[in-house]
Amino acid sequence: MASNDRLRAGGSPRPLKTGDTWWYAAVAGEAAGSFSTRVRTRTRRACLGAVLLLTVVYAGLVLTATGRRWGDAAVTGRRADSAAVRVLREHPSLAGLTTVSLVLGCVLLLAVGLIRKRYALTGAAAGAVVTALAVTGLLQRYAPRPRIVDTAGALVPSGFPSAQTTLALGIALGLVLVVPYRLRALVIGAATLWAAAVGAYTIAAGQHRPGDVIAAALVVLAVTTGLLAVIARRGKVRPGPRRGPALPGLPVTVPLALLALAGLGAGLWLLGDTLALPTAAPYDPAELRLAHRCGQALAAGVVATAGLTLLALLRRVDVDGPPAAYRLGGPFVEAAGVPLDSNLVGPFTEDRDHEIS
């Protein structure tokens, strides 16, 4: 018996109710409520871990002079990166496409949930996106930070965290509540790649620093995992089938994993060289370009890791609506007589006219 499967004070587990995963108890030897407990525990720990990492990022990249200097160098270095300059110059419509894609992402999230009649989960997913945006707005407005002014002496508004990345990744991770279980890895992986592209564009266009995108990913991950912990606490999760969505999602999860590994690896490797920038201009264009590429790599790696973390936390966990009633089939059940109502049929059917001798 697992550590979470403790009996009640009376010495016996509670009776099974309609919707309980009794088959999980019979096969795995665990109580019906222990699965929800384990899902709640790991999602709650992920939420707390994301909040802790967000605090570290805020302290390191916003409150320290070295972190602010590195962020400014990453934004300034986009002009020294010929590849980024060429893409933005040859494709000026990227700004409009980014806005349109965010609007279409919101429509997709709501449409999938409403078409599949997952009204409560659709509301929860939309609420998570709104909550993440609200937290982002509060941090941008009220989080303590040094006053930064531009060359004209005007106060520069804070972009920590990035609202665009928060919305994009919030949509990507919110889809986990409304898409079918078998398509989860495919849809979440593709949506996370799109969110990483949105974050990379905001850095290349000079709208946000790399730390803003990293903080946005951590905010969304904290809000989403916190919501999943609440859902698991209410017992609205169930074990998914062993043949889950891993194989159909390989075309996108493999590139996502490579992006996470390459982005975090290259970003951390380059970070040591780019933090040693001089405290005042002039700066070497090569160092600025290196800082820009380092920031792009780190931001993309963190966004990709956020999507992979959610998929790992929900491995073989189905949150797609209430547990379906289990019904036995076969000649023995047919001989016993299956009820025609919607009541749950237990693991053993009772035939009052049959006695095992």
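Here are some notes on the predicted model above, point by point.

1. **Ground rules.** Since this is a predicted model, local features need pLDDT of at least 70 and side-chain atom pairs count only at pLDDT 80 or more, while totals for chains, interfaces and linings use all residues. Residues are numbered from 1 along each chain as its sequence is written, and side-chain values use heavy atoms, with hydrogens and water left out.

2. **Confidence.** The mean pLDDT (the predictor's confidence in each residue, from 0 to 100) is 81 for the chain, and 75% of the residues score at least 70. Among the elements, helix α7 (residues 163-174) has the highest mean, 97, and helix α1 (residues 22-28) the lowest, 44. Residues 1-12 have pLDDT below 50, and beyond near neighbours in sequence that stretch has 13 contacts in the model (contact means heavy atoms within 4.5 Å). Residues 340-357 are also below 50, with 23 contacts beyond near neighbours in sequence. Where pLDDT is low, the predicted coordinates should not be read in detail.

3. **Overall layout.** You'll find twelve helices and two strands in the chain. These are DSSP runs numbered from the N terminus: H or I with at least four residues for helices, E with at least two for strands. Starting at the N terminus, the order is α-α-α-α-α-α-α-α-α-β-α-α-β-α. For contacts with a separation of 6 or more, 78% are between residues 24 or more positions apart.

4. **Burial and surface.** Of the 357 residues, 40% are buried. Buried means under 20% relative accessible area, exposed over 50%, and partly exposed in between (1.4 Å probe, protein chains only). The accessible surface is about 19100 Å², and carbon and sulfur atoms own 64% of that. The areas come from the Shrake-Rupley method with a 1.4 Å probe; for residues, only the protein chains shown count as cover.

5. **Salt bridges, the count.** How many salt bridges does the structure hold? There are three, each being a side-chain nitrogen of Lys or Arg within 4 Å of a carboxyl oxygen of Asp or Glu. As background, side chains of opposite charge can pair when their charged atoms come close.

6. **Arg209 and Asp72.** This salt bridge has an N to O distance of 2.7 Å. Arg209 sits in the loop between α8 (184-204) and α9 (210-233), and Asp72 in helix α3 (residues 65-76), so the link is between distant parts of the chain, 137 residues apart. Both partners are partly exposed: Arg209 has a relative accessible area of 26% and Asp72 one of 31%.

7. **Arg293 and Asp81.** Here the N to O distance is 3.3 Å. Arg293 belongs to helix α11 (residues 285-313) and Asp81 to the loop between α3 and α4 (82-90), so the salt bridge ties together parts that are 212 residues apart in sequence. Arg293 is partly exposed at 42% relative accessible area, whereas Asp81 counts as buried at 7%.

8. **Arg238 and Asp318.** The closest N and O atoms of this salt bridge are 3.2 Å apart. Arg238 is in strand β1 (residues 238-239) and Asp318 in strand β2 (residues 317-318), 80 residues apart. Asp318 is buried, with a relative accessible area of 6%.

9. **Helix α6.** With 24 residues (119-142), α6 reaches 34 Å from its first C-alpha to its last. That is close to the expected 34 Å at 1.5 Å a residue, where the expected span is 1.5 Å times one less than the number of residues. Its buried residues, among them Leu121, Ala125, Ala128 and Ala132, pack against α5 (94-115), α7 and α9. An α-helix has 3.6 residues a turn, so residues three or four places apart point the same way.

10. **The aromatic pair.** The structure holds one: Tyr58 and Phe160, tilted, with 5.7 Å centre to centre and 45 degrees between the planes. Rings of Phe, Tyr and Trp (its six-membered ring) pair if their centres lie within 6.5 Å; planes under 30 degrees apart count as stacked, over 60 as edge-to-face and the rest as tilted. Tyr58 lies in helix α2 (residues 34-61) and Phe160 in the loop between α6 and α7, so the pair ties together parts that are 102 residues apart in sequence. Both rings' residues are buried, Tyr58 at 16% relative accessibility and Phe160 at 4%.

11. **Leu48.** Leu48 is in helix α2 and is exposed, with a relative accessible area of 57%. Its C-alpha is separated by 10.0 Å from that of Leu221, 173 residues apart along the chain.
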